[in-house]
Amino acid sequence: MCKMGPDPTYSKIYDGSWPNDIDYAVIHRIAGDGKVKGILKEAVAFASSMAPSIRIDTHEDNISMQKALEKNGFSYCGMVIIEDGTKRRAYQKKSN
């Protein structure tokens with residue numbers, strides 16, 4: 001799922017900061033069954049066509065997603081707290 005910001009989840013960031021305040025798209029869910037590769041890359045390409053920047057977050061324990069985000073050009077920015085009160089690692093990517 002991708003939506004255009006501003007998104008309330010990203011209005012407050014802890015232990016870091018957003019690199020800029022340009023318009024951004026948000027990717028809220030990435031999931032696969034392991035059979036298809038490149039789902040994140042395709043979602044990023046789609047979101048990049050909508051906005052000059054993309055924000056996304058992932059659970060602190062989701063190391064594979066953190067690595068995939070960094071591989072796809074995202075930079076770690078700090079921590080956000082989502083609606084259910086849990087902390088998430090927040091990332092931003094500036095579109096090419």
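The largest pocket holds about 420 Å³ of space. A pocket here is an open set of points on a 1 Å grid over the protein atoms alone, where a 1.4 Å probe fits, with protein on both sides within 12 Å along at least five of seven lines. Its volume is the space filled by probe spheres set on the points, which are joined across faces, edges and corners.

This is a predicted model, so local features need pLDDT of at least 70 and side-chain atom pairs count only at pLDDT 80 or more, while totals for chains, interfaces and linings use all residues. Residues are numbered from 1 along each chain as its sequence is written, and side-chain values use heavy atoms, with hydrogens and water left out.

Back to that pocket. Its lining has 16 residues; a lining residue has an atom within 4 Å of a point. Nearest the centre lie His 28, Arg 29, Asp 57, Ile 82 and Arg 88. Strand S3 gives the most to the lining, four residues. Strands are DSSP runs of E, at least two residues, and helices are runs of H or I, at least four, numbered from the N terminus. By type, the lining has six nonpolar, five polar and five charged residues. Ala, Val, Leu, Ile, Met, Phe, Trp, Tyr, Cys and Pro count as nonpolar, Asp, Glu, Lys and Arg as charged, and the others, Gly among them, as polar.

Next, the second largest pocket. Its volume is about 340 Å³. Lining it are 14 residues, and Lys 37, Gly 38, Ile 39, Leu 40 and Ala 68 lie nearest its centre. H1 and H2 are the elements that give two or more residues to this lining. Here the split is six nonpolar, five polar and three charged.

Now the inside. Which residues make up the largest nonpolar core? There are twelve: Ala 25, Ile 27, Leu 40, Val 44, Ala 47, Ala 51, Ile 54, Ile 56, Met 65, Leu 69, Phe 74 and Tyr 91. Such a core is a set of buried Ala, Val, Leu, Ile, Met, Phe, Trp, Tyr and Cys residues joined through side-chain atoms within 4.5 Å. Strand S2 (25-27), helix H1 (39-48), strand S3 (53-59) and helix H2 (63-71) each give two or more residues to it. H1 gives the most, with three. Apart from this core lies another, of eight residues, including Tyr 10 and Cys 77.

Take one core member, Ile 56, in strand S3. Is Ile 56 buried or exposed? It is buried, because its relative accessible area is 2%; buried means under 20%, exposed over 50%, and partly exposed in between, with a 1.4 Å probe and protein chains only. Beyond four places in sequence, Ile 56 touches Tyr 10, Ile 27, Met 65 and Tyr 91, among others. Contact means heavy atoms within 4.5 Å.

Two loop residues to finish. Thr 9 and Asp 15 both sit in the loop between S1 and S2. Thr 9 counts as buried because its relative accessibility is 18%. Asp 15, at 72%, counts as exposed. The phi of Asp 15 is near 55°, a positive value in a residue other than glycine. Thr 9 contacts Asp 57, Val 80, Ile 81 and Ile 82, neighbours within four places aside.

Last, confidence. pLDDT is the predictor's confidence in each residue, from 0 to 100. The chain averages 90, and 93% of the residues score at least 70. Among the elements, strand S1 (residues 2-4) has the lowest mean, 60, and strand S4 (residues 75-81) the highest, 97. Where pLDDT is low, the predicted coordinates should not be read in detail.
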